[in-house]
Amino acid sequence: VTSLIDLDTLHELREVMAQEFDELIEAYLSDTGTRIDEVRAAAVAKDAYQLRELVHSLKGSCSNIGAVALARCCQDVEKIAKDGELDGVVDLIDEIQRQFLEVRSALIQELGAA
Amino acid sequence: MQQSRPLESGSDSTPGVEFAPVHSMRILVADDNRSDRMILASMLRREGHQVLAVEDGKQAIQAFENERPQMVLLDALMPKMDGFEAARRIKALAGDELVPIIFLTSLQEADELVRCLEAGGDDFLSKPYNKVILRAKISAFERMRTMHATLREQRNLIGETNTALVREQEVAKEIFDNVAHSGCLDAPNIKFLMSPLAIFNGDVLLANRSPHGGMYVLLGDFTGHGLPAAMGIMPMSEIFYGMTAKGFQIEDVLREINRKLKHILPVGFFSCACMVDVDFRTGMMKVWQGGLPNCFLYRRGSREVELVESTHLPLGVMEPGKFDASFEVYSLQPGDRFFMWSDGIHEVRNAAGEMFGEDGLMHVFEGNLDPTGLFDEVIGAVSDFLEEDKREDDLTMVELTMVESSELETLVPRNDRVGDSGPKDWKMSFELGPESLKSFNPLPLLQHLLMEVPGLRGHSSDLFTVLSELYSNALEHGVIGLDSSLKSGPEGFAAYYAQREKLLAELKEGSVRFHFHHEPTEFGGRLHIEIADSGPGFDFERYLASEGTVGRRDLAGRGIPLVMALCNRVDYWGHGNEVRAVYEWHREPQP
């Protein structure tokens, strides 16, 4: 089972970012929300190329923050976008959205813990 | 770098030992993703670097131009201008400075990675970022960048030094060429090729006219190449031009060059050389060959080649006392051609590694139809044979053609005496005893003295001819009693000179006395020359009466008709062992 958030990564980030850690988390949460909306729009528009670029970028930031399961989801969508068979991709984007909400509450908890 | 770093969890090594500390660099980070950009910037700052963080390719170019970062980390996919295009532009802006570009990507596809490399990317960093990997990459590129900068600095320095060196060499070459000038290599009967590998080289070709209208040519090949090989050429040229212009004999010139080279060249360094002295009037060529490949004497009549082999050690090898200056004598007909070359031509190799060699040369001569084309045919054959850009030695070759003396430009004497001062009315007697006659040639000395007379230099060629004919008659036919009829034919010349050398060596008594008397006239001057020898004389009355019959032919080789043609009067006295000649000369109009 892939964990929601890799804690080692998160702790290392806290150390690297020091007092900027909160700012980083806020930036991640706000940008990711926007990016998921864009991903959905590209999927609805059946723009495979745009979808692939957006979800690739999303995968990168999720993996950097330690959101391992979410990053895995992004990778699945990226592969579908690359193959160009977009049928059923919206279901996966729903899954990304659901995962993100969990990551979000976990991270907010993390901010409060500090 | 001064910032303290807390111990990493799970690390049992001392921090900072794993990687040598990196110098603080200006690093540009371009990523449209805000959180990723923040993480990377923080990681780099904690390593002590200055970070410029931007959001797209356009901003990256702008920041690069303004801040000149030393390293660039680029996201591949960005709005406005992607990482590929930005990488290309940054590499172009960087010129020959190494600015490492690391692509930030988790692209997995091989063709995408190839795109990054083609755009000028040097490496990749994948997400999630790992600070240990990041540190390793930055540190490796910093070392590479420093090395590249050092290399570039050294290269520029070497380039500048080399330019300065070449410029110096060019100036030195100018001075060098003034000393080792080409003499009379532009004479119509000489063709030559000098194709050196470097500005300075060890091959030398010298040519000069003698005061009596003959021609000396010397081809030398010094040990080695380049500047060290060229050093010996300076004194060789000085001696060659100085002595030949004064009319010294080939053996005197060679003896002096050998002495000088032996003195100045390190052990194991010398000059292979061949020197010839051609007398266009008699068709006689003296050859001294020391260590050059066989010279070719091409006979126009028979269309055959006679080989002129080396019979001596190179110049600069023998102690002066042991040096052998004896020469071979060849009798040449107009149209005969003499070829000298350095071994560069023989050692030219083709693609199969075979040498051109003497066989290659012989092949050209055998296939030749028109002798005037021989020289160019040899060059053509050599360059056809040569494997491209594989030349290993300097190439030098000269062709000297026997011509009638009328075909050569009349000597234009140097008019280096300015004005009218100098001896005009004088008398001088000069007598040589047996010891002097054996080894001393008085002609250059006497010629030198005569040239002091203002205006007489313009007549040096005629005067030298008169003096040398009269002196050789006095010495060779008078004092040592050589028979001039020996001189018929090429073998005759050789026998004549061998005999001359033998008799001189054995000489116990005898003398030659010169008496000069010069008086100025309205238009120039009158020189009385008296030469008396201790020999038995000859039947000059019969000679003068015989007008081209038997008696005159007996005395062939004495050059008396020539002397008579040049002088206003020639009289024989005593038993014919005393000659008096009067040479009247007119001052040439001042230019």
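Here is a short conversation about chain B of a predicted model.

Student: Happy to start with the sheet. In what order do the five strands of the open sheet in chain B come?
Tutor: Good place to begin! The pairing in this open sheet is parallel. Strand 2 (50–54) and strand 5 (123–125) of chain B are the edge strands, each pairing on one side only. From one strand to the next, the twist averages 25 degrees. Reading across the sheet, the order is 2-1-3-4-5.

Student: Which residue in strand 3 of chain B is the bridge partner of V29(B)?
Tutor: Strand 1 (residues 26–30) and strand 3 (residues 71–75) of chain B run parallel and are joined by four bridges. In strand 3 of chain B, the partner of V29(B) is L73(B).

Student: At about what angle does helix 1 of chain B run to strand 2 of chain B?
Tutor: Helix 1 covers residues 34–46 of chain B. This helix lies across strand 1, strand 2, strand 3, strand 4 (101–104) and strand 5 of chain B. Its angle to strand 2 of chain B is about 170 degrees.

Student: Now a single residue: does A230(B) count as buried or exposed?
Tutor: Let's place it before deciding. A230(B) sits in helix 6 (residues 226–231) of chain B. Leaving aside residues up to four places away in sequence, A230(B) touches F176(B), F200(B), N201(B) and G202(B). Because its relative accessibility is 0%, A230(B) counts as buried.

Student: What distance separates the C-alpha atoms of A230(B) and I199(B)?
Tutor: Along the chain, these two residues are 31 residues apart. In space, their C-alpha atoms are separated by 9.6 Å.

Methods: Residues numbered from 1 in each chain as written. Chains lettered and ligands numbered in written order. Predicted model: local features only at pLDDT ≥ 70, side-chain atom pairs only at ≥ 80, totals over all residues. Heavy atoms only, no water. Helix = DSSP H or I, 4+ residues; strand = E, 2+ residues; numbered from the N terminus. Buried < 20%, exposed > 50% of the residue type's maximum accessible area, 1.4 Å probe, protein only. Contact = heavy atoms within 4.5 Å. Pairing = 2+ DSSP bridges. Axes fitted to C-alpha atoms, helices over the stretch in contact; angles between N-to-C directions.
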